[in-house]
Amino acid sequence: MNITVLGTGYVGIVSAAVLADFGHNIWGLDIDPKRVENLKKGKSPIYEPGLEELLQKGLENQKLQFTTDYGQALEKTDIIFICVGTPQAESGEVELKYVYSAIEQIAKNLQNPSLIVLKSTVPPGIHLKLKEIMDQNTKVSYEFASTPEFLREGTAVSDTFNPDRIIIGTESEKAQNTLLEIHKGLPGKRLCTDIISAQMIKYASNSFLACKISFANAIARICDLLGANVLDVMQGIGMDNRIGEKFLSPGLGFGGSCFPKDIKGLYFLSKQAGYDFKLLDEVSEINDSQVAYYLTKTEKIIGNFADKNITILGLAFKPDTDDMRESRTIPLVNELLEKGAKITAYDPIATETAKVVFGDKIIYAKDKFEAIRDCDILILATDWNEFKNMDLVKIKQLMKGNIFVDGRNLYNPKDLKQFGFVYVGIGRI
Ligand code: UDX
């Protein structure tokens, strides 16, 4: 099929590359000329394992092309996947300006009857407004559908090839069959529903996962008060199939381009619709206070952070990505700087994107040992593999101080004590 993927961010590039791999003819369309030039050379603007190889394969097979020109991308298209960003506006509302402008351009340039599939996370029901824009600007026939995307950064390519489920929201059997056909080669369960429900599934999924993490963080704080081991508690509750063991790891909290934005977005949408979804407000509240919780705990041991040399291991919001969006290291660094600390940080991949956020306010080390040398306090902020089994003897020798703040609960407090560290974790005994 001839497919246009509009927007080459995380979801767009990965979807375009995977669909090309399935033999479809893909135009990747983006308004950013520099991004498009790089994509034409097979260069991905984001770090994502396996993505550049897939892009290059698509380009070589001539299944994948990129352009900034709507006319060119829509000339022969049958299906348009909308993958533009839907960030959060100041008000908490979902910012839809990129979706609106994409739809206006589609309406003005559409030549073939097309199925317009919303992959971007949008307020459920927004297609009704988008239809008005289409109807004012085109006579070509079209239909809307929705297939929300559930890929995770860092595993985006393998998630797209191996989805748990594919949600197909349509208004006709024809559109449903087209989307079932496109996804034919992929594993995973299928759920066919209406468009509004499909979009609600995306918000509800992300909000539920964020609830799980904040629940684990709240339980961890209670474990601190009562002297329980939160890892055992989470393992114990996760053994119940109804609960499941995933997304129950306590730590500095969640970041990224989806969870923080989507729970605020759903909270706002619910309020607008007439329901005060207070639970989601509390989920944000717990997450937003995790960094301060760790810092207060550390201050109780060291007095204060003024002039302390701090090393932060990991800056990205999670491992295997260079994405800094909503990374918990942003409030972490800002609060530490405000308290007068000096910060040296190391991240295996995200140094360049972190420089855009922190500039020269912190020092960037080339490796973890350089970062750790002579520091008073070590803070492990992102659970990259290379931070999981570190040589604790070497680290202790390199450090001036002995405070080990385990922001991802990766180490056993008893082990660290044996090596001469003072351990600061959450819910650990
Ligand atoms: C998430 C969803 O998982 C994905 O389905 C959706 O499409 C986009 O949002 P992503 O943001 O890439 O994906 O990352 P994810 O692996 O879900 O982690 C999000 C954040 O939660 C990270 O900051 C991670 O460190 C944190 N997290 C995750 C925890 O703090 N504890 C956990 O138990 C799990």
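In this predicted model, helix α11 spans residues 259-273 and helix α12 spans residues 278-288. Their axes come within 9 Å. The crossing angle is roughly 150°. Angles over 145 degrees count as roughly antiparallel, so α11 is roughly antiparallel to α12. The crossing of α11 past α12 is left-handed. Distance and angle are given together because two packed helices are described by the angle between their axes and the distance between the axes.

The ligand site was examined next. The ligand is surrounded by 19 residues. Those that come nearest are F150, E153, S249, F317 and K318. By class, nine residues of the shell are nonpolar, six are charged and four are polar. Helix α9, residues 195-226, supplies the largest share of this shell, with three residues.

Backbone atoms of F150, E153 and S249 lie within polar-contact range, 3.5 Å, of ligand oxygen atoms. At F150, a backbone N or O atom lies 2.7 Å from an oxygen atom of the ligand. For E153, the distance between a polar backbone atom and a ligand oxygen atom is 2.6 Å. At S249, a polar backbone atom is 2.8 Å from an oxygen atom of the ligand. The ligand taken alone exposes 670 Å². Of that area, the protein buries 90%.

Methods. Residues are numbered from 1 along each chain as its sequence is written. This is a predicted model: local features need pLDDT of at least 70, side-chain atom pairs count only at pLDDT 80 or more; totals for chains, interfaces and linings use all residues. Side-chain values use heavy atoms; hydrogens and water are left out. A residue is near a molecule or strand if one of its heavy atoms lies within 4 Å of it. A polar contact is a pair of N or O atoms within 3.5 Å; within protein, one must be able to donate a hydrogen and the other to accept it, and residues adjacent in sequence count only if both atoms are side-chain atoms. Accessible areas come from the Shrake-Rupley method with a 1.4 Å probe; for residues, only the protein chains shown count as cover. Helices (H or I, at least four residues) and strands (E, at least two) are DSSP runs, numbered from the N terminus. Ala, Val, Leu, Ile, Met, Phe, Trp, Tyr, Cys and Pro count as nonpolar, Asp, Glu, Lys and Arg as charged, and the others, Gly among them, as polar. Axes are lines fitted to C-alpha atoms, for helices over the stretch in contact, and angles run from 0 to 180 degrees between N-to-C directions. Angles under 35 degrees count as roughly parallel, over 145 as roughly antiparallel, 65 to 115 as roughly perpendicular and the rest as oblique. A crossing is left-handed if the near helix is turned anticlockwise from the far one by less than a right angle, and right-handed if clockwise.
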